[in-house]
Amino acid sequence: MYIEILELTTFIFTSILAILSAIMIVKTKSLIYSALFLGMLGISMAIFFALMGYQLVSLFQIIVYVGATVTFIIFSIVMLRETYVMELSSKILSISIATLILLIFTAIVSYTVGMYPTTPIDVPYDKVAELLMKNYTLPLIIVIFALITTLIEGIIIAKKEVEK
Amino acid sequence: MIPLFFYLFLSFILLSIGIIGLTINRNIIKMLLSLEVMFNSSLLLLLSLSTISNPLGGSLIAIFSITLAGAEVGVLVSILIMMFRVIGDVDVFKIKKFRG
């Protein structure tokens, strides 16, 4: 009983944090603050994944996404000089389209899923590792090459900056 | 037990905010950050739906997509830095000068 209340409280607070962070990403004029709020959104997503029972994915989200991707974005923004953030004038149109999409998806999901409960699942780490190494070897190699490419790009950009 | 609808509704809210950010901004870095909001919402949708069908497969896809998102951001940001060096701005309407 207490665990369920704790879960629900964590969910409510984390969802408020996630929505506020997402709004601030779009709304803030400063790009650095936008990137920092993206990091906060990533952390709140990791909390959701842990609540659902995906502890390994949650760790991945914090280490790879917040720790590497968001940090990479922040450092890249620092490399550029602060630019003026311009907004288009057709705000009402885009907000109404987004609201329409939200309403349609919510209606479909409330009709099909309803109040179906989610129980925290248990994903065994050894099974995930075994599947990655045996069944998904080629995607794993492709992902490794993609990350190495990103690393090389970062080094080349930094080198050009030094030469300049 | 948290209802599945709550997770799905939250992911739709984040998707809508991402769409608004993508359509109202002219700055390409802000557009990239809005795309990242949409990526996070889709990841939440994937994992919340995979709790009722295939948790193992869902977690594998999530791990791959998080890693590929890192690589994708790296590529995009390096293109942005090159664009900034050529044009001196990150406005999408000035991207025509970047051609050729």
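Visitor: What share of the 164 residues in chain A is buried?

Guide: In this predicted model, buried residues make up 21% of chain A. A residue counts as buried if 20 or more other C-beta atoms lie within 10 Å of its own. For chain B, 50% of the 100 residues count as buried.

Visitor: Which elements does chain A contain, and in what order do they run from the N terminus?

Guide: Chain A has 6 helices and 1 strand. Read from the N terminus on, the order is α-α-α-α-β-α-α. The radius of gyration of chain A is 20 Å, whereas the globule rule gives 15 Å for 164 residues, so chain A is more spread out than a compact globule. Along the principal axes, the C-alpha trace of chain A spans about 60 × 50 × 30 Å.

Visitor: Where are the domains of chain A?

Guide: Domain 1 of chain A covers 2–87, and domain 2 covers 124–164. The centres of the two domains, taken over C-alpha atoms, are separated by 22 Å. As for contacts in chain A between residues at least 6 apart in sequence, 57% join residues at least 24 apart.

Visitor: What is the pattern of chain B along the sequence?

Guide: The pattern of chain B is β-α-α-α, which comes to 3 helices and 1 strand. Its radius of gyration is 17 Å, while a compact globule of 100 residues would have one near 13 Å. The C-alpha trace of chain B spans about 50 × 25 × 15 Å along its principal axes. In chain B, 43% of the contacts between residues at least 6 apart in sequence join residues at least 24 apart.

Visitor: How does one check the length of a helix, and what should helix 1 of chain B span?

Guide: The check multiplies a rise of 1.5 Å a residue by one less than the number of residues. Helix 1 of chain B (residues 4–24) has 21 residues and should span 30 Å; the C-alpha atoms at its ends are 31 Å apart, which agrees. Helix 4 of chain A, with 22 residues, reaches 32 Å from its first C-alpha to its last, close to the expected 32 Å.

Visitor: Are these two helices mostly covered or hardly covered?

Guide: Helix 1 of chain B is mostly covered, with 16 of its 21 residues buried. Helix 4 of chain A is hardly covered: 1 of its 22 residues is buried. After helix 4 of chain A comes Gly114(A), which has a positive phi, near 70°.

Visitor: Why do residues three or four places apart in a helix point the same way?

Guide: An α-helix has 3.6 residues a turn, so residues at that spacing point the same way.

Visitor: How many residues does each chain bring to the contact between the chains?

Guide: Chain A brings 76 residues and chain B brings 59. On the side of chain A that touches chain B, the elements giving two or more residues include helix 1 (2–27), helix 2 (31–52) and strand 1 (117–118). Helix 3 of chain A gives the most, with 13 residues. By kind, the residues on that side of chain A divide into 53 nonpolar, 17 polar and 6 charged.

Visitor: Which strands join the two chains, and which way do they run?

Guide: Strand 1 of chain A is joined by 2 bridges to strand 1 (residues 2–3) of chain B, and the two run antiparallel. One of the residues involved is Pro117(A), whose bridge partner in strand 1 of chain B is Pro3(B).

Visitor: How is a single residue read, and where does Val77(B) lie?

Guide: Start with the element, then count neighbours, then list contacts. Val77(B) lies in helix 3 (residues 55–87) of chain B. Val77(B) is buried because 24 other C-beta atoms lie within 10 Å. Leaving aside neighbours within four places in sequence, Val77(B) is in contact with Phe72(A), Ile73(A) and Ser76(A). Val77(B) and Ile29(B) are 48 residues apart in sequence, and their C-alpha atoms are 8.2 Å apart in space.

Visitor: What does Leu31(A) touch?

Guide: Not counting residues up to four places away in sequence, Leu31(A) touches Ile77(A) and Ile29(B). Leu31(A) lies in helix 2 of chain A and is buried, with 23 other C-beta atoms within 10 Å. Between the C-alpha atoms of Leu31(A) and Ile155(A), 124 residues apart along the chain, the separation is 23 Å.

Conventions: Residues numbered from 1 in each chain as written. Chains lettered and ligands numbered in written order. Predicted model: local features only at pLDDT ≥ 70, side-chain atom pairs only at ≥ 80, totals over all residues. Helix = DSSP H or I, 4+ residues; strand = E, 2+ residues; numbered from the N terminus. Buried ≥ 20, exposed ≤ 12 C-beta atoms within 10 Å, placed from the backbone. Contact = placed C-beta atoms within 7 Å. Domains from an automatic or database assignment. Nonpolar A, V, L, I, M, F, W, Y, C, P; charged D, E, K, R; others polar. Pairing = 2+ DSSP bridges. Rg over C-alpha atoms; globule rule 2.2 N^0.38 Å.
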